[in-house]
Amino acid sequence: MVTQRMSPESVENFIHEHLREDLRVYERQLNELNADIVEYVQLKHMIETILLNKGNGEGFKTQVNIGGNMFMKARADNANHLLVDIGLKVYVEFTIEEALRFVEMRIKVLTKQADVIRDKSIETKANIKLALLIIGDGQRLHMSEDNR
C-alpha cells in the first residue's frame, strides 16, 4: 500500500482554497435562511394578532412598508383572507387559519435546513482545525528531529 504525504504548503492551500470557501458559502446560506425565518416569525405574530382581534369585528389598523423603509398607515376591514409570499415572488391566497398553518410549517422546514447547514459549517471548521493541528504537529516533529 502506497501512502502519499502531502506537504504542509499543499495542506494550507487546500484549507484556503476549499475549506474556507466552503465555510463562507455555508455562512452566507445560513444568514439567508435566518433572515427568511425572521420574516416568517414576524408574519406568524401578525397573523396571531389578527386572529386575536378578529372577534371584535372592527378590522385593524397597521402600517405597511411601501418600499425603502417608508411606511404608510393602512386599515383592513376584512382579514379573512391573506396573500402570502410562498417564494419566488409567488403569492397564494390563504384563509387566516391556513396562512398560520403554512407559516408554522415553513418555519419548521427552514429551521431544519438551517440546522443541516450549521452542522456542515461546524464539520468544516473542525476539519480546518484538524488540518492546522496536523501541520503544527508535523512541524514540531521535524524540529525535534533536527535538534537530535
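# Notebook: patch, rings and salt bridges

**Surface patch.** I started at the surface and found a nonpolar patch of about 390 Å², made by Val64, Ile66, Met70 and Met72. The model I am reading is a predicted one. I looked up Met72 next and placed it in strand 2, residues 71–76. Its relative accessible area is 47%, so I logged Met72 as partly exposed.

**Overall layout.** I then stepped back to the fold. I listed two helices and four strands. Along the sequence they run α-β-β-β-β-α. I noted the protein's accessible surface as about 11,500 Å², with 55% of it belonging to carbon and sulfur atoms. Of the 148 residues, 20% are buried. For contacts I took residues at least 6 apart in sequence; 57% of those contacts join residues at least 24 apart.

**Record check.** I looked at UniProt, where an unreviewed entry puts a "coiled-coil region" at residues 16–43. In the model, that stretch is 100% helix and 0% strand. I recorded 40 Å between its end C-alpha atoms.

**Aromatic rings.** How many aromatic pairs does the count come to? I got two. One is Tyr40 with Phe102, an edge-to-face pair at 6.4 Å centre to centre, with 70 degrees between the planes. This pair links distant parts of the chain: Tyr40 sits in helix 1 (residues 8–53) and Phe102 in helix 2 (residues 96–147), 62 residues apart. I checked exposure, and both Tyr40 and Phe102 are buried. I then turned to Phe94 and Phe102. Their ring centres are 5.2 Å apart and their planes meet at 25 degrees, so I filed the pair as stacked; the cut-off for that class is under 30 degrees. Phe94 and Phe102 are both buried. I entered Tyr40, Phe94 and Phe102 as one aromatic cluster.

**Ser121.** I picked a residue in helix 2, Ser121. Is Ser121 buried or exposed? Its relative accessibility is 7%, so I counted Ser121 as buried. Setting aside neighbours within four places in sequence, I found Ser121 in contact with Leu23 and Tyr26.

**Salt bridges.** I searched the whole structure and found five salt bridges. I wrote up three entries from that search, as follows.

- I found Arg28 bridged to Glu32, with the closest N and O atoms 3.8 Å apart. The two are four residues apart in helix 1, so about one helical turn separates Arg28 from Glu32. Arg28 is partly exposed at 46% relative accessible area, and Glu32 is also partly exposed, at 45%.
- I found Lys44 and Glu104 meeting through their side chains, at 4.0 Å from N to O. This bridge links distant parts of the chain, with Lys44 in helix 1 and Glu104 in helix 2, 60 residues apart. I logged Lys44 as partly exposed at 24%. Glu104 is partly exposed at 31%.
- I found Asp115 and Arg118 joined by a side-chain salt bridge of 2.8 Å, N to O. They are three residues apart in helix 2, so the separation is about one helical turn. Asp115 is partly exposed at 34%, and Arg118 is partly exposed at 32%.

**Closing note.** I have two links between helix 1 and helix 2 on this page: the Tyr40 and Phe102 ring pair, and the Lys44 and Glu104 salt bridge.

Terms used:
Residues numbered from 1 in each chain as written. Predicted model: local features only at pLDDT ≥ 70, side-chain atom pairs only at ≥ 80, totals over all residues. Heavy atoms only, no water. Patch = residues over 30% accessible without salt bridge, like charges linked within 9 Å, V, L, I, M, F, W, Y side chains within 5 Å. Areas by Shrake-Rupley, 256 points an atom, 1.4 Å probe, with all protein chains shown as cover. Buried < 20%, exposed > 50% of the residue type's maximum accessible area, 1.4 Å probe, protein only. Contact = heavy atoms within 4.5 Å. UniProt positions renumbered as here; feature names shortened; annotations may be inferred. Phe/Tyr/Trp six-rings, centres within 6.5 Å; stacked < 30°, edge-to-face > 60°.
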